[in-house]
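Trainee: I'm new to this one and would like a close look at a single part, the surroundings of the ligand. Could you walk me through that spot and then follow the pieces outward from there?

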Amino acid sequence: MQLKDCQNADVVVVGAGNAALCAALAAHEAGVRVVILEKAPESESGGNSYFTGGAFRIAHDNIGQLREVLDISEEEARTTDFGMYSESKFLDDVFKATEYRCDPDLVEILVRQSRHTVSWLKRKGVRFEPTYHRQAVKVGTSFRFIGGQICGASGEGEGLVQSQHALAQRAGVPILYDTAAVSLLYRAGQVRGVVAASGQEQREITAGAVVLACGGFESNAEMRARYLGPGWDLAKVRGTRYNMGDGIAMALNIGAMPYGHWSGAHAVGWDLNAPPFGDRKIGDVFQKHSYPYGIMVNANGERFVDEGSDFRNFTYAKYGQEILKQPGMFAWQIFDSKMTHLLRDQYRVRQVTKVEAMSLQELAQELEGVDKTRLLETISKYNQAVRQDIPFDLAVKDGRCTVGLPIPKSNWANTIDTPPFQAYAVTCGITCTFGGVQISPRAAVQNVCGKDIPGLYAAGEMVGGLFYFNCPSGTGLVAGAVFGRIAGTEAARFCKHN
Ligand SMILES: Cc1cc2nc3c(=O)[nH]c(=O)nc-3n(C[C@H](O)[C@H](O)[C@H](O)COP(=O)(O)OP(=O)(O)OC[C@H]3O[C@@H](n4cnc5c(N)ncnc54)[C@H](O)[C@@H]3O)c2cc1C
């Protein structure tokens, strides 16, 4: 279907990522006519969701509950410690990561609905599997999952988006590609559709309700500089180029309440020479998340974060910002040969900015832009500070720390003394923004007086209030799915009763 063929629908869903597709599938399930508008061409559709590793964080008390979502073979069950990730641990992790600022009502819904929503997607036909390659460590002959993150979509983000789009197609829900929503039809105090544009054509699509699920503003350099602060316009974008804050702007234009951490973003260590936006052919391999096994230094040759303060699931999303703050906005991650076998696959790709040397002096010479004398001093002091008496153990926060350094390393500290040495250059790669619009527990967009804007729902990245400063890995997709499903169901209900 093209824009010229579309005049009305019961529910218009804006966006074609994970949150939008969950909204569309839920609205369809509720028995209404749905149409999806996607600003990107078909070849680039699926938003940031396409770029993801497909990780979904879900609460579970035992392997039986995990099996509601994941196919786990008997052999895997026998050889793997999946642990338990209770709702209260999940809540704690979000509260802690967000420095206790998150909206408790929304987060509670996210956590309590996490497994049920993913199993709803599974029943619809999306496949999930345990993410051994990213989240499990080998202990003797068995595996142990770390950081509360087990569940992943088969085929990662690409597989997720493809299967969601296929489900929409099978359900007869059209996706209009190359078609952007540009404003909301807001008449007599109610949202009654959207104005959509495709190429030269612009027209109104009337609807009983609209679900906005069209991402944050991370791809918009002007908004990044305006809301996140100086320097953020220079960050690299990890994902889609199409998330320009359109949905947020459309909602604010009709009086929606801005909410959440508008000056905050999820941002990671990302290859220094990665392209300005995500590359769908290369995917997510520019991320560099094995820093807990080494050290990170800036242009002054100094460490600037505690690389081992927690499992990387709980630190990676805030360390991109720390890299952005460093002189020249770059850092080098340094490892010695005792650790390089532990580096994630993304360190072994062709598109990597890497230096290798047989001595620390030689390495210091090779690290472009770094104060060499200071770097050698930093490594020497760091080596002396490592508590060698505490055993190194990847599977737990081992407490193998440094002592006496101004910036400690709290876990997994090992001396950097065994050649060959490797170093990887990173900068800040922005994933998504945390500020957005306020929604009710029923995903209705709130106005500045704290009331529902009739006919308007929102889900996904463009919702504010869930994440501040940081978020645990795998929560973006699950939040999009939970509130997308609620938004679609509620939009359908609204449209039937109005
Ligand atoms: C590289 C990378 C890896 C990640 N890995 C994970 C992970 O493993 N697990 C996890 O939980 N999270 C991960 N995330 C975060 C995750 O991508 C987001 O939290 C989630 O995908 C957001 O989903 P969404 O549906 O809100 O937005 P998106 O998936 O970004 O979808 C937004 C859609 O809106 C469309 N759009 C924008 N403006 C308009 C408009 N005006 N009209 C019509 N359409 C419009 C866009 O084209 C896009 O299709 C990752 C992000 C990146 C970039």
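How many residues surround the ligand, and which are the closest?

Mentor: Sure, but a word on the model before we start. It's a predicted one, so local features need pLDDT of at least 70 and side-chain atom pairs count only at pLDDT 80 or more, while totals for chains, interfaces and linings use all residues. Residue numbers start from 1 along each chain, following the sequence as written.

Now your ligand: 43 residues surround it, and Gly-15, Gly-17, Gly-47, Gly-460 and Gly-476 are the closest. To be near a molecule or strand here, a residue needs its C-beta atom, placed from the backbone, within 6 Å of it. By class, the shell has 22 polar, 15 nonpolar and 6 charged residues. In that scheme Ala, Val, Leu, Ile, Met, Phe, Trp, Tyr, Cys and Pro are nonpolar, Asp, Glu, Lys and Arg are charged, and the others, Gly among them, are polar.

Which elements do those residues come from? At least two shell residues each come from helix H1 (18–29), helix H2 (47–51), strand S10 (180–187), strand S19 (421–433) and helix H14 (475–497). These names stand for DSSP runs numbered from the N terminus: helices are H or I with at least four residues, strands are E with at least two.

Let's follow H14 outward. Its axis and that of helix H6 (104–124) come within 8 Å and cross at roughly 85 degrees. Each axis is a line fitted to C-alpha atoms, for helices over the stretch in contact, and the angle between N-to-C directions can run from 0 to 180 degrees. So H6 and H14 are roughly perpendicular to each other; that label covers 65 to 115 degrees, with under 35 roughly parallel, over 145 roughly antiparallel and the rest oblique. On the H6 side, the contact includes Ile-109, Leu-110, Trp-120 and Leu-121, and on the H14 side Val-478, Ala-479 and Arg-485 are among the residues. By class, this contact has 9 nonpolar, 3 polar and 1 charged residues. Just ahead of H6 there's an oddity: Tyr-100, in the loop between helix H5 (87–97) and H6, has a positive phi near 65 degrees though it isn't glycine.

S19, also in the shell, has its own quirk in the loop leading to it from helix H13 (372–385), where Pro-420 is found. Pro-419 and Pro-420 are joined by a cis peptide bond, with omega about -5 degrees. For background, most residues other than glycine have a negative phi, and most peptide bonds are trans.

H2 takes us to the domains. The assignment, from an automatic or database source, splits the chain into domain 1 (3–217 + 434–497) and domain 2 (267–429). Their C-alpha centres lie 33 Å apart. Across the boundary, 16 residues of domain 1 are in contact with 11 of domain 2, where contact puts C-beta atoms, placed from the backbone, within 7 Å. On the domain 1 side, H2 and strand S6 (136–139) each give two or more residues. That side divides into 9 nonpolar, 5 polar and 2 charged residues.

And what does S6 belong to? An open sheet of 3 strands, in the order S4-S7-S6 with mixed pairing; strands pair if DSSP finds at least two bridges between them. S4 and S6 are the edge strands, each pairing on one side only. S6 and strand S7 (142–145) are antiparallel over 4 bridges; Val-137 stands opposite Arg-144, and Lys-138 has Phe-143 as its bridge partner. In their hairpin, with 2 residues between the strands, Gly-140 has a positive phi near 65 degrees. Strand S4 (80–81) runs parallel to S7, joined by 2 bridges, with Thr-80 opposite Phe-143.

Notes: Contact = placed C-beta atoms within 7 Å.
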